[in-house]
Every structure is written in structure tokens, then in C-alpha cells.
Amino acid sequence: MLGIIGGTGLTQLDNLTITKREIVRTPFGEPSHPLLFGEICGHEVIFLARHGGGHTILPHQVNYCANIYALHLLGVTEVAAVATVGGIHRDLSPGVIVIPHQIIDYTHGRKSTFYDGINQPVKHIDFTQPYCHYMRAKWELAALSIGEPIVSHGVYAATQGPRLETAAEIDRLERDGATIVGMTGMPEAALARELGMSYAAISPVVNYAAGRGGSVHQIDYEEMVVSLSRTMLRVHAIIAELVKRHYCNTASDR
Ligand code: HPA
């Protein structure tokens with residue numbers, strides 16, 4: 001079963017015909033929102049709004065463990081996540097959509113494992129390739145097949161937030177090799193790996209990162225919001241195609 005996690009600007013799915021809402025309780029607490037069961041082109045998917053229905057949960061306050069565990073409990077084996085970012089690399093301007101292949105974790109104080117020796121025995125997962133190669137390819141094919149250009153690689157710097165970064169912090173992230181920056185990539189990706197779920201993200205760039213491009217002096221929040229709503233229309237279309245192309249069985253859907 002495919003689970004879709006929507007981030008900023010994606011608290012609901014346009015093409016989703018909702019069939020059921022389920023409040024799921026997990027040993028780690030409640031997820032950000034009731035999980036929505038629905039159908040896209042007749043295929044059942046589960047949708048979860050990472051920041052809650054009213055977008056009230058800050059990135060460092062998201063209960064990532066409950067979110068991922070709830071999806072797992074409901075039978076989700078593949079997770080398609082959407083996580084908006086700022087562009088660090090000069091080519092990654094607002095409107096560009098990136099499929100990250102690597103991640104650097106700068107977050108702190110977030111519960112980042114199920115295997116903490118309390119709930120489960122200690123375990124060290126392999127995380128050399130943090131995103132599922134096959135899921136990334138699915139995202140890419142879906143985007144390209146509807147004519148949406150995609151940047152198929154990117155190094156995602158996961159920062160703590162909720163404030164945006166300083167220009168010097170972005171310089172540091174760039175020296176570290178990061179090309180995009182967001183606040184929710186971790187521990188979500190690692191938790192999915194711990195439970196053996198395939199996980200990949202698409203990251204729409206909604207602003208130049210601090211000190212870059214049009215954000216040399218400051219990040220304009222209004223522009224960010226405009227860019228977000230424009231880009232999300234395209235993200236909805238990519239998600240619909242992702243489901244249609246990779247999860248619906250009829251030949252005419254391929
Ligand atoms: N920094 C961190 N997270 C973000 C940004 C940013 O510039 N844009 C969107 N999410």
C-alpha cells in the first residue's frame with residue numbers, strides 16, 4: 001500500500017476521493033492528523049498531512065515516530081513524501097522540483113529511532129542510501145511523463161527550524177555539500193527505513209535559501225507563499241500520475 005505524506009502547502013490531495021478517515025493510536029502517540037484513506041484512479045492510498053490539517057504543527061514538533069508507525073500499522077510499505085525546500089545551489093531556483101538522493105541531518109532533540117532500547121532492542125540500520133532508489137525512479141518517471149522537468153539528484157540538509165537559516169549557515173551547508181534545505185526530512189526518512197518501508201521524497205523549491213539569489217538580503221515570505229501555491233498545483237499532478245502509472249493495473253493507465 002502506498003502512503004503519501006504531504007508537507008507545507010499540501011494538507012489535502014486534489015485528486016483523492018476520500019473513503020475513510022481513521023484516528024490511529026500508536027505506542028508513540030497520535031499522528032499529526034487522522035489518516036485519510038482514499039482512491040486515486042481507483043487505487044487505494046493513504047494520505048497524512050505532516051503538519052496537521054490546519055498546518056499548525058511546527059517541523060520540530062511533528063511526531064515523526066507516530067506518523068510513520070501509524071502508516072506502518074495500516075499496511076503502508078511505500079512512502080511518497082513531499083517536503084518543500086529552499087534552494088542552495090544556484091540552479092535550484094523557486095519552482096524547480098528536486099528528488100533528493102542524499103540527506104545531512106542537522107536536527108536535534110527529535111525522537112529519531114524506534115530502537116532506543118526501551119520500546120525495541122537497540123538496532124543500527126544501514127542508511128548509506130537514505131532514499132529508496134526505486135521510489136525515486138517512480139517519482140522521476142511520473143514527473144517526466146507529464147512533462148514536468150525534475151532535478152533527479154540533490155543533497156537535502158535537514159535543519160531544525162522553525163526559523164529560516166542565516167546566510168552563514170547556508171554557506172556552511174553548501175560547504176558540506178548540501179544543495180537544498182528543509183526542516184522535515186529527518187528523522188522521517190530514517191524511521192521509515194527502520195520499519196523496512198520504501199521511502200522517497202520530492203522537494204519543490206519555494207525560495208532561494210538565505211543569502212542566495214533573490215534571497216541575498218532576506219527571504220520574502222509573500223513570494224514564498226506565491227511560489228508554494230503555484231508549485232503545489234504541479235505536485236498534485238505528479239502525485240496523480242505517480243499513482244496512475246505505478247500503482248493502477250489497467251493497461252490504459254500506463
Ligand atoms: N530553509 C529551511 N526550510 C525551508 C526553506 C528554507 O529556506 N524553504 C522551505 N523550507
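Reader: How far is a nitrogen atom of the ligand from an N or O atom in the side chain of E165?
Author: This is a predicted model. A polar contact needs two N or O atoms within 3.5 Å. For a ligand nitrogen and the side chain of E165, the distance is 2.8 Å.

Reader: Which residue has an N or O atom in its side chain 2.6 Å from a nitrogen atom of the ligand?
Author: The partner on the ligand is a nitrogen atom. The protein atom is an N or O in a side chain. That side chain belongs to N207.

Reader: Which residue has a polar backbone atom 3.2 Å from a nitrogen atom of the ligand?
Author: Here the protein side of the pair is a backbone atom, and it is polar. A nitrogen atom of the ligand lies 3.2 Å away. The residue is G86.

Reader: How much of the ligand's accessible area does the protein cover?
Author: On its own, the ligand has 260 Å² of accessible area. The space it takes is the largest pocket. The share of that area covered by the protein is 95%.

Reader: Which strands each supply at least two residues of the shell around the ligand?
Author: The shell includes V85, G86, V181, G182, V206 and N207. It divides into six nonpolar, four polar and one charged residue. The strands that each supply at least two shell residues are β6 (85-87), β10 (180-182) and β11 (198-208).

Reader: What is the radius of gyration of the chain, and why is the chain called as compact as a globular protein of that length?
Author: The chain has five helices and 11 strands. For 254 residues the globule rule gives 18 Å, and the chain comes close to that, so it is as compact as a globular protein of that length. Its radius of gyration is 17 Å.

Reader: What does the C-alpha trace span along its principal axes?
Author: The span is taken along the principal axes of the chain. The values are about 50 × 45 × 35 Å.

Reader: Where is the peptide bond cis with omega near -5 degrees?
Author: Most peptide bonds are trans. A cis bond with omega near 10 degrees runs from M186 to P187, and P187 is in the loop between β10 and α4 (188-194). The other proline, P162, lies in the loop between β9 (155-158) and α3 (167-176). The bond with omega near -5 degrees runs from G161 to P162.

Reader: Which residue other than glycine has phi near 45 degrees?
Author: Most residues other than glycine have a negative phi. The residue in question has a positive value. In the loop between β3 (35-40) and β4 (43-49) lies C41. The residue with phi near 45 degrees is C41.

Technical notes: Residues numbered from 1 in each chain as written. Predicted model: local features only at pLDDT ≥ 70, side-chain atom pairs only at ≥ 80, totals over all residues. Heavy atoms only, no water. Near = heavy atom within 4 Å. Polar contact = N/O pair within 3.5 Å; in protein donor to acceptor, adjacent residues only side chain to side chain. Areas by Shrake-Rupley, 256 points an atom, 1.4 Å probe, with all protein chains shown as cover. 1 Å grid on protein atoms, 1.4 Å probe; cavity = no way out; pocket = protein on both sides within 12 Å on 5 of 7 lines; lining within 4 Å. Sits in = over half its atoms within 2 Å of the grid points. Helix = DSSP H or I, 4+ residues; strand = E, 2+ residues; numbered from the N terminus. Nonpolar A, V, L, I, M, F, W, Y, C, P; charged D, E, K, R; others polar. Rg over C-alpha atoms; globule rule 2.2 N^0.38 Å.
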